[in-house]
Structure formats: C-alpha cells, structure tokens
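Colleague: I am new to this structure and would like a close look at a single part of it. Could you take me slowly through the salt bridges and the places where their partners sit?

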Amino acid sequence: AGARVNAAIMCCSSTPEALEEAEAERLQQASKQLQRQREHAHKRQLVVEWRQAQQEASQSVAEELKLERKAALEREESQRREKKEAIHNALEAFRHQRENEKAALEGTPVNNACNLSREDR
C-alpha cells in the first residue's frame with residue numbers, strides 16, 4: 001500500500017518539467033533504437049551488396065577462365081593443323097623426290113603436278 005501511495009504522490013506531484021524530461025528521455029531512447037535499426041539495416045545492405053559483388057567477381061573469373069580455355073584449345077587445334085600440314089607437305093615432297101628418282105632411273109622427265117604414277121594418286 002505504501003508503494004501505491006508513493007507512486008500516486010509522485011504521479012500527482014509531477015511537475016510539467018518532470019513530465020517533459022520523461023517525454024524527452026522516451027524520445028531519446030526511441031531515437032537511439034531507430035538509429036540502431038538503421039545501422040543494422042545498412043550493415044545488412046552492405047552484406048547483400050558484398051555478396052552480389054563476390055558473385056559477379058566469381059562469374060567474371062569463370063568467364064575469363066572459359067575464354068582462356070577456349071583460346072588454349074584453339075591454339076592446340078591450330079598446332080595440330082600445322083603439324084598435319086607439315087607432315088602432308090613432307091610426304092608430298094618425299095613422293096615428288098621418289099618420282100624424280102624413278103624418272104631419272106628410267107630416263108624420262110616428270111612433271112610432279114600432272115604425271116603422278118597410279119600408285120601415288
């Protein structure tokens with residue numbers, strides 16, 4: 001009962017200044033709470049943006065790697081074609097040399113472009 005009496009006395013005896021101070025304190029607490037919520041939301045937004053940037057960077061790296069792999073495969077294919085062409089050219093040169101040697105043994109001139117023997121065609 002004594003606590004109720006004291007509370008009633010304080011309530012009734014509160015001055016307008018005390019009420020204003022209490023209201024100011026309540027507003028200050030609400031403002032601090034709002035500021036904490038804003039900071040938390042800002043941090044969440046920064047995390048979201050950071051994750052998006054990480055994902056974009058990962059995609060960019062993946063695209064670069066894909067392009068590098070493609071370029072490496074194209075280089076390998078080009079080297080294969082060059083080797084194949086070199087082998088073909090060496091074989092053709094060997095065939096022409098053999099025809100020339102054969103013609104020299106037979107004593108007849110050979111036109112390598114037109115007079116290939118049937119074996120070589």
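**Salt bridges along helix α2**

Modeller: Glu-23 and Arg-26 are a good place to begin, since both residues belong to helix α2, which covers residues 16-106, and they stand three residues apart, or about one turn of the helix. The model is a predicted one, and that should be kept in mind throughout. Between the side chains of Glu-23 and Arg-26 there is a salt bridge, with a distance of 2.6 Å from N to O. Glu-23 has a relative accessibility of 36%, so it is classed as partly exposed, and Arg-26, with a relative accessible area of 49%, is partly exposed as well. The cut-off matters for Arg-26, because a residue is called exposed when its relative accessible area is over 50%.

Before going further along the helix, it helps to place this pair in its setting. The protein chain has two helices and zero strands, and of its 121 residues 2% are buried. The surface that the protein chain exposes comes to about 11,000 Å², with 55% of that area supplied by carbon and sulfur atoms. In the structure there are five salt bridges, and the bridge between Glu-23 and Arg-26 is one of them.

Further along, Glu-77 and Arg-81 form another salt bridge, in which the closest N and O atoms are 3.8 Å apart. That distance still counts, because the limit for a salt bridge is set at within 4 Å. These two residues are also in helix α2, where a spacing of four residues puts about one helical turn between Arg-81 and Glu-77. Glu-77 is partly exposed, its relative accessibility being 34%.

Next comes the pair of Glu-92 and Arg-95, whose side chains meet in a salt bridge with an N to O distance of 3.0 Å. Here the spacing in helix α2 is three residues, so that about one helical turn separates Arg-95 from Glu-92. Arg-95 has a relative accessible area of 26% and is partly exposed, while Glu-92, with a relative accessible area of 22%, also falls in the partly exposed class. Returning to the stretch around Glu-77, we find that Glu-76, Glu-77, Arg-80 and Arg-81 are joined into one network by salt bridges that share partners.

Definitions and conventions. Residues numbered from 1 in each chain as written. Predicted model: local features only at pLDDT ≥ 70, side-chain atom pairs only at ≥ 80, totals over all residues. Heavy atoms only, no water. Buried < 20%, exposed > 50% of the residue type's maximum accessible area, 1.4 Å probe, protein only. Areas by Shrake-Rupley, 256 points an atom, 1.4 Å probe, with all protein chains shown as cover.
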